[in-house]
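Subject: Handing over the structure

Hello,

Here is the structure I promised to pass on to you. Please have it open while you read, and my notes will follow below.

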Amino acid sequence: DGCGHTVLGPESGTLASINYPRTSPNSTVCEWEIRVKPGQRVQLKFGDFDIDDSDSCHSSYLRVHNGIGPNRTEIGKFCGFGSQMDGLITSKSNEVTVQFMSGIHTSGRGFLAAYSITDKSDLITCLDNASHFSEPEFNKYCPAGCVIPFAGISGTIPHGYRDSSSLCMAGVHAGVVSNTLGGQINVVISKGIPYYEGSLANNVTSKVGPISTSLFTFKTSGCYGTLGMESGVIPDSHITSSSVLEWPNQTGQVNIWKPENARLKRIGPPWAAFISDEHQWLQIDLNKEKKITGIITTGSTLAEHYYYVSAYRILYSDDAQKWTVYREPGMDKDKVFQGNTELYQEVRNNFIPPIIARFFRINPLKWHQKIAMKVELLGCQFSIGRAPKITLPPPPQNKNDEKNADFMDDFIHSVKTSLQTDKTTFTPEIKNTTVTPSVTKDVALAAVLVPVLVMVFTTLILILVCAWHWRNRKKKTEGTYDLPYWDRAGWWKGMKQFLPTKSAEHEETPVRYSSSEISHLRPREVPTMLQTESAEYAQPLVGGIVGTLHQRSTFKPEEGKEASYADLDPYNSPIQEVYHAYAEPLPVTGPEYATPIIMDMSSHPSTPLGAPSISTFKAAGNQAPPLVGTCNKLLSRTDSASSAQALYDIPKGQPGPGSADQLMYQVPQSMAHPAGSKDE
């Protein structure tokens with residue numbers, strides 16, 4: 001009558017004294033007999049030990065024995081207040097007897113211990129929490145039976161659990177280990193969060209928790225995705241049930257709570273059975289075999305219909321004909337899963353080990369008012385490993401190969417025998433016998449060479465691209481004739497006047513005008529007929545004949561009498577109709593050099609001597625420049641013009657002939673004058 005919480009699994013378990021962690025009653029006794037697989041030994045670890053030792057372990061004590069029955073031998077006898085028994089007690093065989101005796105005492109919590117086979121060297125107890133370990137990540141073995149009423153947890157997956165939570169109890173809640181079997185956990189410590197949610201999962205209730213400095217989570221296989229109930233991947237036709245609830249509402253409309261309504265988080269009514277008994281079921285066809293690791297259920301989720309299922313069984317099949325009830329390994333009873341405790345909360349249950357099946361069926365065993373529920377399945381895809389293919393040699397060709405044929409027959413028989421599997425009681429131990437292949441060095445060498453080669457080729461490509469770009473840039477910089485940078489602008493502006501200009505619509509044919517034709521035009525018509533792109537300085541009228549002109553010319557011929565240099569400056573004239581002989585002023589932003597005009601006059605007749613020539617170059621002040629003879633001839637360019645060269649005007653503000661203050665425009669100079677002309 002002194003036995004408390006007890007779970008004895010095939011490889012591990014948990015045992016505690018009665019009323020633990022409160023004071024155990026007087027005059028009680030309990031004895032536990034622990035057996036593991038033959039050939040293995042048992043190790044015992046205490047999580048808490050507090051037994052009254054007022055009479056030197058005479059009436060109250062804990063005794064551990066090797067073996068079971070009358071032939072057992074004592075390993076040790078223990079008692080004391082607050083004794084810390086951190087070490088492991090190891091047996092010499094696969095059987096151990098633990099005896100607890102409680103005499104007359106006034107205090108003492110008793111004890112809580114865990115056991116496992118000796119292969120689990122990292123065994124912990126149900127009372128250990130994350131704050132007991134300083135490593136950021138560690139592996140531990142949890143014993144069976146850690147769902148205990150005197151330990152608590154806060155948090156849930158995937159957010160994590162508060163650091164004060166029991167590691168093994170949180171592992172059961174997360175579905176990492178089974179409360180019946182125990183198992184290995186991989187724990188990761190991280191920074192805490194301000195708030196920890198509570199939930200019900202695997203018969204463990206997690207409570208809401210406050211902020212903490214750290215939390216822990218578990219590393220898992222990752223096979224916990226949804227299988228398509230909520231998302232609609234599973235079609236309605238693949239969801240069936242034993243019966244459907246139909247009932248009319250107050251308006252007379254018939255409500256049908258069909259099986260396809262049993263989708264988790266779907267708004268509206270759930271699936272409900274027409275008859276509430278233990279023979280009802282909800283069936284889901286996954287279309288092919290899947291690895292099912294868990295299930296989430298809710299009630300009706302309708303406040304006016306307080307229906308939910310509180311307990312159920314799970315059945316599975318590959319053909320929907322032969323069904324298997326889910327049981328935990330080593331158990332001879334069907335596992336009953338805890339369902340909902342109210343109609344809204346989501347309750348999760350995990351399958352350890354997972355279920356491999358196509359058809360999944362839920363059989364409600366307990367419910368509130370009516371059978372009604374919504375469901376989602378958890379798991380992942382399942383792939384079956386194929387058996388190795390046996391390659392046989394060709395059949396014997398002569399009698400000498402008969403011995404080899406007999407050998408191959410024996411070999412095939414042995415392979416077939418080894419491939420046959422029988423039902424075994426215990427899971428065979430699988431050891432890693434894989435030999436590291438010799439290609440590892442080649443793989444490592446390739447892993448080094450490939451990045452190096454990529455970097456080399458990338459560098460070469462970049463060099464080629466840069467060289468090509470530099471070459472193109474150099475060509476653009478030097479130009480066709482390799483002119484210096486400071487001469488390019490003047491060269492282009494000088495050549496621009498000899499290039500034909502294209503209008504937006506079509507190219508105009510050059511028009512030639514004589515001075516007599518220009519004199520008959522009205523002043524307003526001249527700008528329209530003679531238009532060209534304005535030059536920086538106007539071109540002089542040479543020999544009374546206008547050379548090849550283009551559109552938008554800046555020349556403005558005289559109207560009426562021929563203008564002389566003694567006339568007033570037309571720029572200051574208030575009468576806009578009188579057109580002056582000078583070009584329009586240059587724009588402010590234009591360059592200050594005049595563009596020399598070189599025209600081919602060899603094919604044109606010269607102007608009569610009596611006709612004065614009009615120059616567009618303006619002298620300093622209001623005085624007219626002196627005329628040489630009757631005509632001021634400009635240097636003309638003939639086909640053999642190599643002997644005649646023109647000079648550019650000297651810029652304003654630069655040293656040259658004459659005073660800089662007196663010159664406004666410079667008259668083009670010439671290297672040589674034709675015979676018969678006089679110098680200025």
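Which residue in β26 does A311 stand opposite? The answer is K366. Before going on, please keep in mind that this is a predicted model.

**Strand β23 and its partners**

A311 is a good place to begin, as it leads to β23 and the strands beside it. Strand β23 covers residues 308-317, and seven of its ten residues are buried, so the rest of the structure largely encloses it. With strand β26 (residues 347-368), β23 pairs in the antiparallel sense over nine bridges.

β23 also runs antiparallel to β25, to which two bridges join it. If you look for Y312, you will find F337 of β25 opposite. A further antiparallel pairing, again over two bridges, links β23 with β24, and here Y316 has T324 in β24 as its bridge partner. These two strands, β23 and β24, make a hairpin with six residues between them. In the turn sits A320, which has a positive phi of about 65 degrees.

As general background, the strands of a sheet pair through backbone hydrogen bonds, in either a parallel or an antiparallel way.

**E328, in the loop after β24**

Follow the chain on from β24 (324-325) and you come to E328, in the loop that leads to β25 (337-338). Is E328 buried or exposed? Its relative accessible area is 12%, so E328 counts as buried. Setting aside residues up to four places away in sequence, E328 touches S178, T180 and K335. With S178 there is also a polar contact between the side chains, at 3.3 Å.

**A five-stranded sheet and a helix**

Next, please turn to an open sheet of five strands, ordered β10-β13-β16-β12-β11 and paired antiparallel. Why is one side of β10 and of β11 (155-156) left without a neighbour in the sheet? Both stand at the edges and each has a single partner strand, so nothing in the sheet lies along the other side.

Further in, strand β12 (residues 160-162) is joined to β16 by two bridges, and the two run antiparallel. Y161 stands opposite F216 of β16 in this pairing. Helix α1 (residues 167-174) packs on the sheet, where it touches β10, β11, β12, β13 (183-191) and β16. The direction of α1 makes about 50 degrees with that of β16.

**Salt bridges**

How many salt bridges does a search of the whole structure find? The count is 14, and I picked out a few for you.

One of them brings together the side chains of D50 and R109, at 3.2 Å from N to O. D50 belongs to strand β4 (residues 42-50), whereas R109 is in the loop between β8 (95-102) and β9 (110-117), so this pair ties together parts that are 59 residues apart in sequence. D50 is buried, with a relative accessible area of 7%, while R109 is partly exposed at 30%.

Another takes us back to the five-stranded sheet: the side chains of K219 and E137 meet in a salt bridge of 2.8 Å, N to O. K219 lies in the loop between β16 (214-218) and β17 (225-226) and E137 in strand β10 (residues 137-142), so parts 82 residues apart in sequence are tied together. K219 is partly exposed at 46% relative accessibility, and E137 is partly exposed too, at 39%.

The pair R263 and D236 also forms a salt bridge, with the closest N and O atoms 2.6 Å apart. R263 is in the loop between β20 (254-257) and β21 (271-272) and D236 in the loop between β17 and β18 (239-241), so the pair ties together parts 27 residues apart in sequence. Here R263 is buried, at 7% relative accessible area, and D236 is partly exposed, at 40%. Elsewhere, E33, R35 and E95 are joined into one network by salt bridges that share partners.

**R22, a contact of R109**

Finally, back to R109 and one of the residues it touches. R22 lies in the loop between β2 (12-17) and β3 (28-35), and with a relative accessible area of 58% it is exposed. Leaving aside neighbours within four places in sequence, R22 is in contact with G108 and R109. R22 and R109 are 87 residues apart along the chain, yet their C-alpha atoms are separated by 5.1 Å.

Enjoy looking around, and do write back with any questions.

Best wishes

Key
Residues numbered from 1 in each chain as written. Predicted model: local features only at pLDDT ≥ 70, side-chain atom pairs only at ≥ 80, totals over all residues. Heavy atoms only, no water. Helix = DSSP H or I, 4+ residues; strand = E, 2+ residues; numbered from the N terminus. Buried < 20%, exposed > 50% of the residue type's maximum accessible area, 1.4 Å probe, protein only. Contact = heavy atoms within 4.5 Å. Salt bridge = Lys/Arg side-chain N within 4 Å of Asp/Glu carboxyl O. Pairing = 2+ DSSP bridges. Axes fitted to C-alpha atoms, helices over the stretch in contact; angles between N-to-C directions. Polar contact = N/O pair within 3.5 Å; in protein donor to acceptor, adjacent residues only side chain to side chain.
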